[in-house]
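Subject: The structure, and what I found in it

Hello,

Here is the structure I promised to hand over. Have it open while you read, and my notes follow below.

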Amino acid sequence: KVRKKKKKNTDRKEMGRRSMIHLITLSLLLLTATHVRSDASDHRYSDGDPVPLYANKVGPFHNPSETYRYLDLPFCKTGHEKEKTEALGEVLNGDRLVSAPYELKFRKEKDSKIVCKKTLTREEVTLFREAVKKDYYFQMYYDDLPIWGFIGTVDKEGKTDPSEYKYFLYKHIQFDVLYNKDRVIEISARMDPHSVVDLTEDKEVDVEFFYTVKWKETDIPFEKRMEKYSQSSSLPHHLEIHWFSIINSCVTVLLLTGFLATILMRVLKNDFMKYAQDEEAADDQEETGWKYIHGDVFRFPKFKSIFAAALGSGTQLFTLTIFIFMLALVGVFYPYNRGALFTALVVIYALTSGIAGYTATSFYIQLEGSNWVRNLLLTGCLFCGPLFLMFCFLNTVAIAYSATAALPFGTICVIVLIWTLVTSPLLVLGGIAGKNSKTEFQAPVRTTKYPREIPPLPWYRSTIPQMAMAGFLPFSAIYIELYYIFASVWGHRIYTIYSILFIVFIILLIVTAFITVALTYFQLAAEDHEWWWRSFLCGGSTGLFIYGYCLYYYYARSDMSGFMQTSFFFGYMACICYGFFLMLGSVGFRASLLFVRHIYRSIKCE
């Protein structure tokens, strides 16, 4: 009967694991199947065919989150504007594409073609002047190729007082298009600095907008037309910095791992020898160090429901990160594939929620928890809850600013449906699989009935100083690469060197695991047996360092300003850093658990 019961439990555990593996495989297949490259549209055109040109958005150059619809500014309107149907990721990215007033037919050149003549009212002049003052840029898409340009310029030459500055609006835009046979390869926009209108004074202004189109043949094949954008992050001087970062991080890892491995192996070897001699020499000698607390080291932590939920959420976020890297390395996130990253994040997070449910519930059951349903609800809300509250606040701010970052009601409904119909059911299924696995906690030594008293420890062995020590080394390994990621996410720099980023991520995981293991050993050696939460907090403390870097980046490395941009930057970075905290905390705890099990399995305890 016992054998049958054990076999049944093993089969259930195996079924739970298999279901998780099938879930992961399914999510990858779904993402690969639903991902359609815009290049694959493979548009071919004959002479004179209309090529789609969409105006996307305008906004202050230094505030990437603060973007508005192109036609929120009083540009020319044809009266027949059509809004492009957008995917979920494009809407989340703040893209709002509308047909542009310019007509760029394939291989049809135009010279100073008038778009419209209009008289700008005083209110419209003020609107344009404020936009020029804030360095507004525009973005368009021509056959899925991005175009940028500034809408005006400020004349500051020889003037020290801002009230003397002159503000000019560009009237003439020139499109230079490269083509290869029947396909568009490249496009750029140039503003004519000699064709401007003065907006300095508050008065009505007559303005005439016009544009020029020039076509030129090129040998660049259609398949390589997006390489121009990805090459900017692969320039030699950028690559040198990235490789310097990698070498710096690798040296840090080698020194750290070598140092810790040498110390731990030597100390542990001495400990094992000492304990062996003690057992042979005198059984009545009092035990010291980490062996002394063998009866308490596997005592389950306080607040085990929250602990299991944090472990489940962290494991899910770790799986999500690995999937994103896999898609990035196979070339899914090429530059200006509008919204692909946001779509992938939403879909993968929804599909991997079963992993969070399974991990959290199975571990909670191992910790002899009884209310697994409450634990499952806590797991579902631990990361999504703060993210949802932050989204509600920031979306309200975006609505107040009438910015494109404000999600339409339909998109919010889609996200709620995904959460209700995909995330929640998979979370529950994972939880049920975890509950039915009925795996016992593998402790190599027995836990005593009453806990030992922890001796008084110096201040630097308390939680906060230990977290500071644990977070600094992993952060120093990723510090250089962080600037490029921030400049890409919160700026206009393009980042495509995902292979280097993946190496840095692996280094981050290794350093986090090693430093957490080392601090756990020193904690146990000081006869402090409450290592569960400490290992999680020490592992996740790198997330706090990254948030500290946010403050430095905002004030020292960027020109972001305004309430909306500031709230978006610090709000969403808080959510990202919280995600890092959960993910790296799970890594730190798992590494510490393996280490603690190993050392206590290697000694004999009465």
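Lys 117 touches Val 207 and Glu 208, leaving out residues up to four places away in sequence; contact here means heavy atoms within 4.5 Å. Lys 117 sits in strand E4, where helices (H or I, at least four residues) and strands (E, at least two) are DSSP runs, numbered from the N terminus. With a relative accessible area of 61%, Lys 117 is exposed. The terms I use are buried for under 20% relative accessible area, exposed for over 50% and partly exposed in between (1.4 Å probe, protein chains only). The C-alpha atoms of Lys 117 and Cys 76 are separated by 8.2 Å, although these residues are 41 residues apart along the chain.

Before going further, please note that this is a predicted model, in which local features need pLDDT of at least 70 and side-chain atom pairs count only at pLDDT 80 or more, while totals for chains, interfaces and linings use all residues. Residues are numbered from 1 along each chain as its sequence is written, and side-chain values use heavy atoms, with hydrogens and water left out.

On to the cysteines. The structure holds one disulfide, a term used here for a pair of cysteine sulfur atoms within 2.5 Å. The disulfide joins Cys 76 to Cys 116, with an S to S distance of 1.8 Å. The link is left-handed, with -70° about the S-S bond. It connects distant parts of the chain, 40 residues apart: Cys 76 is in the loop between E2 and helix H2 (88-92), and Cys 116 is in strand E4 (residues 110-120). Are these two cysteines buried or exposed? Cys 76 is buried at 5% relative accessibility, and Cys 116 is buried at 17%.

Cys 575 is also buried, at 8% relative accessibility. Cys 392, in turn, counts as partly exposed at 30%. As for bonding, Cys 575 is in no disulfide, and the nearest cysteine sulfur, that of Cys 577, is 9.4 Å away.

How far can you trust each part? The chain averages a pLDDT of 85, and 88% of the residues score at least 70; pLDDT is the predictor's confidence in each residue, from 0 to 100. Among the elements of the chain, strand E2 (residues 68-69) has the highest mean pLDDT, 96, and helix H1 (residues 2-34) the lowest, 51. The pLDDT is below 50 over residues 30-41, a stretch with 16 contacts in the model beyond near neighbours in sequence. It is also below 50 over residues 282-286, and that stretch has four such contacts.

For the chain overall, there are 15 helices and twelve strands. Buried residues make up 49% of the 606 residues. Of the contacts between residues at least 6 apart in sequence, 80% join residues at least 24 apart. The accessible surface comes to about 30300 Å², and 61% of that belongs to carbon and sulfur atoms. Accessible areas come from the Shrake-Rupley method with a 1.4 Å probe, and for residues only the protein chains shown count as cover.

Now to the surface. Tyr 450 lies in the loop between helix H11 (409-437) and helix H12 (463-489) and is exposed, with a relative accessible area of 62%. Leaving aside neighbours within four places in sequence, Tyr 450 is in contact with Asp 296 and Arg 299. The C-alpha atoms of Tyr 450 and Arg 299 are separated by 9.6 Å, with their positions 151 residues apart along the chain.

Two backbone angles may catch your eye. Asp 143, in the loop between strand E5 (136-142) and strand E6 (145-150), has a phi near 55°, a positive value in a residue other than glycine. Asp 143 is buried, with a relative accessible area of 2%. Phe 303 has a phi near 50°, again positive in a residue other than glycine. Phe 303 is found in the loop between H5 and helix H6 (304-329) and counts as exposed at 61% relative accessibility.

Best wishes
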